[in-house]
Amino acid sequence: MHQEIEFVFRPEYGFDPAPVADAFSPGSISSVRDFHRTFPQYMPTPLVSLPSLASELGIKRLWVKDESKRFDLNSFKVLGGSYSIARYIASELALDPGRLSFDHLNAADVRDRLGAITFVTATDGNHGRSVAWSARELGQRSVVFVPKGTSDSRIRNIAKEGAEVRETDGNYDDTIRAARAWMDANGGVIVQDTAWEGYEEIPTWIMQGYAVLMHEAIEQMADDGGPTHVFLQAGVGSFAGGAAGLLARHYGADRPRVAVVEPSTAGCYYASALAADGDPHDIGGEMPSIMAGLACGEPNRLAWPILRDHADLYFRVSDEIAASGIRALAAPRGSDEPIVAGESAAGGIGILLSGAHAVDGSAIREALGLTASSRVLVVSTEGDTDPGHYTRIVNEKLYQASWE
Ligand SMILES: Cc1ncc(COP(=O)(O)O)c(C=O)c1O
């Protein structure tokens with residue numbers, strides 16, 4: 001594939017903010033964060049400022065929220081898996097969701113009342129690892145389906161958390177269907193990071209869990225005036241939708257410009273924005289991309305209206321753009337600190353680099369409205385979740401961009 005970046009502006013639909021956005025008010029997400037705080041592993045992940053890279057990019061400030069440090073799990077995903085499983089258990093046992101805590105859910109009487117549950121999910125890696133981890137922490141079992149071609153190291157990491165891992169023959173969206181079929185035949189509770197007709201509660205809890213990282217970031221940026229621009233990667237869009245919902249509710253009319261980032265081969269939000277009819281649009285078939293976590297072709301129906309109404313630009317980028325971002329964070333400029341950002345984590349940095357260095361970079365800067373006073377937040381959503389491949393991207397310059 002040759003290097004490319006394409007983008008569309010959000011057409012002005014003028015729709016009301018999606019009703020689900022109420023779930024993303026600062027107060028709601030603050031109480032989700034109170035639940036996460038009850039885990040012994042909980043700490044806000046670092047928000048790293050990179051002044052030397054910011055000056056290379058011609059902007060005032062560049063912050064990277066480093067989710068490789070989340071719970072020793074190398075990605076942000078556990079925020080959603082743990083909260084949704086906790087809320088499910090609370091609803092089964094009629095517990096007060098406002099008083100959820102890890103210790104309480106793990107108490108012997110709660111375990112006795114609950115009995116044994118099998119949590120089932122489909123994943124491209126990180127979500128499955130987070131569900132497996134959460135199920136094990138709460139003394140339950142999990143079965144995790146992965147698409148054809150999932151890397152061995154990602155499968156091993158899920159199995160290490162005690163899950164039974166099953167590889168399917170299809171892509172991510174087919175794998176969800178396989179997990180649902182297995183559950184229909186064998187029982188269990190599906191914990192999926194996307195919604196469908198009649199299945200909305202658990203995906204909403206997952207999106208609220210993810211929004212906690214933005215809650216932390218808003219707090220961490222507060223002394224510096226907050227961001228003017230935020231880049232959010234999208235697979236099914238649950239992360240981007242949750243984060244954009246909180247940004248919209250927190251900053252209101254002063255919210256930062258939000259850019260959604262997807263792989264060129266899996267741009268279902270890009271396609272939905274381009275279609276301009278206000279509806280989500282699916283993409284099917286093979287979606288080859290090094291950005292495994294973003295290779296999803298069907299927008300989450302709960303996330304789409306939030307992004308439609310609260311995001312501004314939709315990028316789809318080739319592997320070279322993501323790889324250039326990985327390398328820039330791995331080999332820092334000046335006295336900036338290095339950050340380990342995996343394939344699905346660095347597209348936003350790649351777009352910024354492209355804006356600064358590519359031949360047609362000025363169009364990107366203009367579309368984003370980037371100036372010397374811009375303060376930009378990117379979320380590095382994973383570390384080296386496929387370490388062998390990560391090392392090759394960094395050391396062998398796989399997927400080299402034109403300006404490198
Ligand atoms: C590292 C990483 N970043 C971003 C995403 C995108 O999240 P979502 O599928 O909710 O859009 C994923 C999803 O698996 C991921 O693993």
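**Ligand site, cavities and pockets**

In this predicted model, the largest cavity is the space that the ligand takes up. The volume of this cavity is about 210 Å³, and its lining is made up of 19 residues, of which Phe 76, Lys 77, Gly 235, Gly 293 and Leu 294 are the closest to its centre. Sorted by class, the residues lining the largest cavity comprise seven nonpolar, eight polar and four charged ones. Both domain 1 (5–76 + 202–395) and domain 2 (78–192) contribute to this lining, with at least three residues drawn from each. In total, four cavities of 30 Å³ or more are present in the structure.

The ligand itself is surrounded by 16 residues, and the closest among these are Asn 126, Gly 235, Gly 237, Phe 239 and Thr 381. The shell around the ligand divides by class into six nonpolar, seven polar and three charged residues. Contacts to oxygen atoms of the ligand are made by both side-chain and backbone atoms: an N or O atom in the side chain of Asn 126 lies 2.7 Å from a ligand oxygen, while for the side chain of Asp 124 the corresponding distance from an N or O atom to an oxygen atom of the ligand is 3.3 Å. From the backbone, an N or O atom of Phe 239 is placed 2.9 Å from an oxygen atom of the ligand. Of the 380 Å² of accessible area that the ligand has on its own, 99% is covered by the protein.

Turning to the pockets, the largest encloses about 530 Å³ of space. This pocket is lined by 23 residues, and those closest to its centre are Lys 148, Gly 149, Met 287, Ser 289 and Ala 295. The lining of the largest pocket consists, by class, of seven nonpolar, eight polar and eight charged residues. As with the lining of the largest cavity, at least three residues of the lining of the largest pocket come from each of domain 1 (5–76 + 202–395) and domain 2 (78–192).

The second largest pocket has a volume of about 230 Å³ and a lining of 13 residues, among which Thr 194, Ala 195, Trp 196, Glu 298 and Arg 301 lie nearest its centre. Its lining holds five nonpolar residues, one polar residue and seven charged residues. Because domain 1 (5–76 + 202–395) and domain 2 (78–192) both supply residues to the lining of the second largest pocket, this pocket lies between the two domains.

Terms used
Residues are numbered from 1 along each chain as its sequence is written. This is a predicted model: local features need pLDDT of at least 70, side-chain atom pairs count only at pLDDT 80 or more; totals for chains, interfaces and linings use all residues. Side-chain values use heavy atoms; hydrogens and water are left out. A residue is near a molecule or strand if one of its heavy atoms lies within 4 Å of it. A polar contact is a pair of N or O atoms within 3.5 Å; within protein, one must be able to donate a hydrogen and the other to accept it, and residues adjacent in sequence count only if both atoms are side-chain atoms. Accessible areas come from the Shrake-Rupley method with a 1.4 Å probe; for residues, only the protein chains shown count as cover. On a 1 Å grid over the protein atoms alone, a cavity is a set of points where a 1.4 Å probe fits but cannot get out, and a pocket is an open set with protein on both sides within 12 Å along at least five of seven lines; lining residues have an atom within 4 Å of a point. A molecule sits in a cavity or pocket if more than half of its atoms lie within 2 Å of its grid points. Ala, Val, Leu, Ile, Met, Phe, Trp, Tyr, Cys and Pro count as nonpolar, Asp, Glu, Lys and Arg as charged, and the others, Gly among them, as polar. Grid points are joined across faces, edges and corners, and a volume is the space filled by probe spheres set on the points. Domain bounds come from an automatic or database domain assignment.
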